[in-house]
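Colleague: Could you walk me through one part of this model at close range? I would like to follow a single helix and what it packs against.

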Amino acid sequence: MEDISLLLSYIETEVEGGKKAFMGGGVVVNGEAILLLVKRIRQQLAAINGQKILAEAEAQAKQILAEAEQRKANILNENIIISEAKVIAEHTVDVALQRKKEVEEQLKNNLLKMLSDVNASLEGAKGTIKSLMDRLDA
């Protein structure tokens with residue numbers, strides 16, 4: 001890449017080395033040489049602007065990439081939390097179903113015992129009633 005300061009020095013040299021004008025304080029210069037130097041300066045400025053744009057684009061790309069990496073880490077953390085919550089929920093459901101089964105079994109056993117006790121009481125009452133009826137018939 002050409003040095004813009006050097007190209008400007010070339011232009012100054014052309015102007016300083018130009019022929020003095022017949023009238024006024026100006027000088028006559030080689031217009032073609034000056035225009036060529038100006039063209040080269042413009043090309044270098046465009047290259048510098050292109051490099052600046054490229055550098056800005058690279059910085060922006062790095063920023064986007066960093067944000068994407070951070071979002072990825074957040075999503076992974078969220079997925080881990082969700083997975084852990086699912087495991088806890090499944091365990092809780094399993095414990096609740098087991099407890100339900102135990103309560104139902106205990107309730108069934110208690111109900112059978114109560115019905116058995118009622119049946120025994122009824123059998124006893126039935127025996128007493130039969131005995132009373134037999135006495136009344138005699």
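Modeller: Happy to; here is helix α1, followed by its partner and the chain around them. First, the ground rules: this is a predicted model, in which local features need pLDDT of at least 70 and side-chain atom pairs count only at pLDDT 80 or more, while totals for chains, interfaces and linings use all residues. Residues are numbered from 1 along each chain as its sequence is written, and side-chain values use heavy atoms, with hydrogens and water left out.

Helix α1 covers residues 4-16 (helices are DSSP runs of H or I with at least four residues, strands are runs of E with at least two, both numbered from the N terminus). Its 13 residues should span 18 Å at 1.5 Å a residue, and the end C-alpha atoms are indeed 18 Å apart (the expected span is 1.5 Å times one less than the number of residues). At the N-terminal end, Asp 3 acts as the cap, with a side-chain oxygen 3.2 Å from the backbone nitrogen of Ser 5 (a polar contact is a pair of N or O atoms within 3.5 Å, one able to donate a hydrogen and the other to accept it; residues adjacent in sequence count only if both atoms are side-chain atoms).

Now for the two sides of α1. Ile 4, Leu 7 and Ile 11 are its buried residues (buried is under 20% relative accessible area, exposed over 50%, partly exposed in between, with a 1.4 Å probe and protein chains only). Seen down the axis, the buried residues of α1 fall within an arc of 65 degrees, so they line one face of the helix (the arc is that of the directions from the helix axis to the C-beta atoms). An α-helix has 3.6 residues a turn, so residues three or four places apart point the same way. On the other side of α1, Thr 13 and Glu 16 are exposed.

The buried residues of α1 pack against α2, residues 31-137 (contact means heavy atoms within 4.5 Å). In α2, the buried residues are Ala 33, Ile 34, Leu 37, Ile 41 and Gln 44. Leaving aside neighbours within four places in sequence, Leu 7 touches Glu 2, Leu 37, Arg 40, Ile 41 and Gln 44.

The largest nonpolar core has 6 residues: Ile 4, Leu 7, Ile 11, Ile 34, Leu 37 and Ile 41 (such a core joins buried Ala, Val, Leu, Ile, Met, Phe, Trp, Tyr and Cys residues through side-chain atoms within 4.5 Å). Both α1 and α2 supply at least two residues of this core.

As for the wider chain, its elements run α-β-β-α from the N terminus on, and 7% of its 138 residues count as buried.
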